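User: I have a structure in front of me and I am new to this. Can you show me how to read it, one feature at a time?

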Amino acid sequence: MKISPIALKIWAVQQATNQIKSRASFHNTWKTADAFLAMMDDIPHIDEAVHSLSVAVDDIDWMDGAVCCFDTEFPVVNVNAPNGDRPYLLFYKGDLSLLNDLNRNVAVIGYTTPTDEQIARESKIVEQLVYHNQHIVSGLAKGCDGIAHMVCMDCGGKTIAILPSPLNSIFPAAHRDMAQRIVETGGLIITEYCDEPHSRHEAINRFVERDRLQALFAKAVILIASYEGRDGDSGSRHAMAKANKYGHMACVMYNAATDGTARDMKLNRSLLESQQARQLVAAKSKSDTSAVTLEEIVQFINPMLEMADTLF
């Protein structure tokens with residue numbers, strides 16, 4: 001188990017008190033580790049809580065560690081991300097170093113029931129990204145997420161799964177074996193959560209919060225397919241919106257000839273029409289600046305993901 005003393009204390013305060021109201025309040029209140037530790041001096045019996053947690057984690061085998069925003073191992077967070085989007089504590093299993101270089105990470109997302117034709121197109125995209133040594137980020141959900149993880153591993157690549165659940169309660173349960181394989185093949189599973197949600201509303205909101213991390217920890221987000229709004233499964237819109245907000249590259253798989261009237265490509269179409277995403281193409285002319293190729297995504301470097309020393 002690898003967990004720094006400050007990460008352990010943040011975890012203990014989170015579990016034993018109501019001092020941490022939200023991500024935004026955490027970052028607004030405590031800019032440094034020393035400031036957080038000074039606050040702990042006023043919490044009765046907090047040392048006992050920290051000790052109890054330190055003893056308990058020795059028996060945990062479902063995670064490899066936890067990392068906090070004051071640790072040097074914590075991933076870079078784009079300064080364009082508001083404090084409410086910035087995680088302060090992450091639980092993980094697998095190779096945390098896959099978050100060391102977010103400019104190698106590409107998120108591949110989409111809805112839960114893609115067609116065979118969409119699966120074939122997505123597989124080609126992931127294969128090419130892995131061939132060019134990119135790490136694949138997704139959410140371990142059924143459908144497009146699971147395909148992204150599996151194709152990546154089948155091609156010998158490293159994949160990162162971001163969960164809306166604790167590490168000891170993989171969601172969906174049907175993907176527990178996939179989660180284990182991700183770790184066994186050198187990948188990474190991460191989550192902000194160490195306990196179950198307390199309400200249905202909180203459970204639903206965790207999926208939205210998970211979606212933002214897919215955008216936060218990848219230089220680019222590729223949407224494979226999704227309905228929009230009341231047409232059905234459209235959770236992908238959250239990740240795409242966050243990618244735009246952070247200044248990360250937002251891309252969609254879309255071919256007007258085959259996808260022009262498809263309901264399950266409606267979000268892709270809408271994002272293109274509103275110029276909130278770039279169309280992924282196999283090749284383009286030099287004058288075409290609205291589309292993007294896989295080669296350009298591979299070569300893309302976001303300087304805002306390189307400034308680790310200026311964030312906290």
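Analyst: We will go from the whole protein to single residues. One caution comes before that: this is a predicted model.

User: How many helices and strands does the protein have?

Analyst: The protein has twelve helices and eleven strands. Along its principal axes, the C-alpha trace spans about 65 × 40 × 35 Å.

User: What does the radius of gyration say about the protein?

Analyst: The radius of gyration is 20 Å, and the globule rule gives 20 Å for 312 residues. The two are close, so the protein is as compact as a globular protein of that length. Contacts add to the picture. Take the contacts with a separation of 6 or more: 75% of them join residues 24 or more positions apart.

User: Now the inside. What share of the residues is buried?

Analyst: Buried residues make up 51% of the 312 residues. Here is the general idea: in soluble globular proteins, nonpolar side chains tend to be buried together. In this model, the largest nonpolar core holds 101 residues. I10, W11, F36, L129, I222 and I297 touch the most other members. Helix α1, residues 5–16, gives the most to this core, with seven residues.

User: Which residues does W11 contact, beyond its neighbours within four places in sequence?

Analyst: W11 contacts I3, L53, V57, I60, M63, L89, F91 and C194.

User: Next, the sheet. In what order do the strands lie?

Analyst: First, the general idea: strands of a sheet pair through backbone hydrogen bonds, either parallel or antiparallel. Here, eleven strands form an open sheet with mixed pairing. The order is β1-β2-β3-β7-β6-β5-β4-β8-β9-β10-β11. At the edges are β1 (2–3) and β11 (291–293), and each pairs on one side only.

User: How do I read the pairing of β4 with β8?

Analyst: Look at the direction and count the bridges. Strand β4 is residues 105–109 and strand β8 is residues 220–223; they pair in the parallel sense over four bridges. V106 stands opposite A220 in β8. β4 also runs parallel to β5, with three bridges joining them. In β5, the bridge partner of V106 is I136. Go one strand further: β5 (residues 135–138) and β6 pair in the parallel sense over three bridges. There, V137 has I160 in β6 as its bridge partner.

User: Are the faces of β4 covered or open?

Analyst: Both faces are covered. N105, A107 and I109 lie on one side and V106 and V108 on the other, and all are buried. β6 can be read in the same manner: T159 and A161 point one way, I160 and I162 the other way, and all are buried.

User: Let me zoom in on I109. Why does I109 count as buried?

Analyst: Buried means under 20% relative accessible area. I109 has 3% relative accessibility, so I109 counts as buried. I109 lies in strand β4. Beyond four places in sequence, its contacts include S138, V221, L223, A239 and M240. The C-alpha atoms of I109 and A81 are separated by 20 Å, and these residues are 28 apart along the chain.

User: And a residue in a helix? Where is S123?

Analyst: S123 is in helix α5, residues 116–131. At 13% relative accessibility, S123 counts as buried. Not counting residues up to four places away in sequence, S123 touches I147 and V151. S123 and I147 are 24 residues apart along the chain, yet their C-alpha atoms are separated by 7.4 Å.

User: Last feature. Which residues of helix α7 are buried?

Analyst: In α7, residues 176–184, they are M178, A179 and I182. Seen down the helix axis, the buried residues fall within an arc of 100°, so they line one face of the helix. On the other side, R176, D177 and E184 are exposed.

User: What do the buried residues of α7 pack against?

Analyst: They pack against α6 (144–154), β6 (159–162) and β7 (188–191). After α7 comes G186, whose phi is positive, near 90°.

Technical notes: Residues numbered from 1 in each chain as written. Predicted model: local features only at pLDDT ≥ 70, side-chain atom pairs only at ≥ 80, totals over all residues. Heavy atoms only, no water. Core = buried A, V, L, I, M, F, W, Y, C linked by side-chain atoms within 4.5 Å. Buried < 20%, exposed > 50% of the residue type's maximum accessible area, 1.4 Å probe, protein only. Helix = DSSP H or I, 4+ residues; strand = E, 2+ residues; numbered from the N terminus. Contact = heavy atoms within 4.5 Å. Arc of directions from axis to C-beta. Pairing = 2+ DSSP bridges. Rg over C-alpha atoms; globule rule 2.2 N^0.38 Å.
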